[in-house]
Amino acid sequence: MSWSDETITELTKLWDAGFSTSEIGRRIGVSKNAVVGKAHRLGLISRPSPIKRIPLPPPPKMVAIGGRACSWPIGDPRKPDFRFCNSPAMAGKPYCQEHAAVAYVAPKSRNTSTEDAA
Ligand SMILES: [Zn+2]
């Protein structure tokens, strides 16, 4: 497999868009392993999504009144305008009320198509 500039550009674009390695491979016509290897060599390992893959910096030292500040990441950690929410966090939670609602959303509907995994 030789990587043309075009293929590399496409890989980078799809990677940044958050596609899975197998999906990227399918789209540019290489194996998943080739995508992983190339992405690693290109230094594409930190991805903007999903959020749980982002290595979180330690919580900010500046603390909100009465306790912790919300450590919900806002923006892209690779960009200079990345920051934490910093609103006062809920008691016992690392996030403010708004972000706790997003972080701890209960899986309500289990009728999504996972049944064909039998
Ligand atoms: Zn927040």
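Read along the sequence, this protein follows the pattern α-α-α-β-β-α. The model is a predicted one, and it contains four helices and two strands. Buried residues make up 14% of the 118 residues in the protein. Among the contacts with a separation of 6 or more, 29% are between residues 24 or more positions apart.

The account may start at the N-terminal side, with helix α1. This helix comprises the twelve residues 5–16, which at 1.5 Å a residue should span 16 Å; the C-alpha atoms at its ends are 16 Å apart, so expectation and model agree. The buried residues of α1 are Leu11, Leu14 and Trp15. They cover an arc of only 100° around the axis, and therefore lie on the same side of α1. On the other side of the helix, Asp5, Glu6 and Thr9 are exposed. The buried residues of α1 are covered by elements that include α2 (21–28) and α3 (32–42). After α1 comes glycine 18, which has a positive phi, near 90°.

The next helix, α2, has its own set of buried residues: Thr21, Ile24, Gly25 and Ile28. Viewed down the axis of α2, these buried residues fall within an arc of 100°, so they line one face of the helix. They pack against α1 and α3. As with α1, a glycine follows the helix: glycine 29 comes after α2 and has a positive phi, near 80°.

How do these two helices meet? The axes of α1 and α2 come within 10 Å and cross at roughly 145°, and the crossing in which α1 passes α2 is right-handed. On the α1 side, the contact is formed by Thr7, Glu10, Leu11, Leu14 and Trp15, which meet Ile24, Arg27 and Ile28 of α2. By character, the residues of this contact divide into five nonpolar, one polar and two charged. The buried residues Leu11, Leu14 and Trp15 of α1 thus recur in the contact with α2, as do Ile24 and Ile28, which are buried residues of α2.

Helix α3, which helps to cover the buried residues of α1, also holds a charged residue that merits attention, lysine 38. Lysine 38 counts as buried because 22 C-beta neighbours lie inside 10 Å, where 20 or more are required. Leaving aside residues up to four places away in sequence, lysine 38 touches Trp3 and Leu11. Leu11 is itself one of the buried residues of α1. The C-alpha atom of lysine 38 is separated by 9.8 Å from that of threonine 12, although the two residues are 26 residues apart along the chain.

Further along the chain, asparagine 86 is found in the loop between β2 (83–84) and α4 (97–103). Its backbone has a positive phi of about 70°, although the residue is not a glycine. Is asparagine 86 buried, exposed or partly exposed? Asparagine 86 is partly exposed, because 18 other C-beta atoms lie within 10 Å, whereas a buried residue would need 20 or more and an exposed one 12 or fewer.

Notes
Residues are numbered from 1 along each chain as its sequence is written. This is a predicted model: local features need pLDDT of at least 70, side-chain atom pairs count only at pLDDT 80 or more; totals for chains, interfaces and linings use all residues. The expected span of a helix is 1.5 Å times one less than its number of residues. The arc is that of the directions from the helix axis to the C-beta atoms. Two residues are in contact if their C-beta atoms, placed from the backbone, lie within 7 Å. Axes are lines fitted to C-alpha atoms, for helices over the stretch in contact, and angles run from 0 to 180 degrees between N-to-C directions. A crossing is left-handed if the near helix is turned anticlockwise from the far one by less than a right angle, and right-handed if clockwise.
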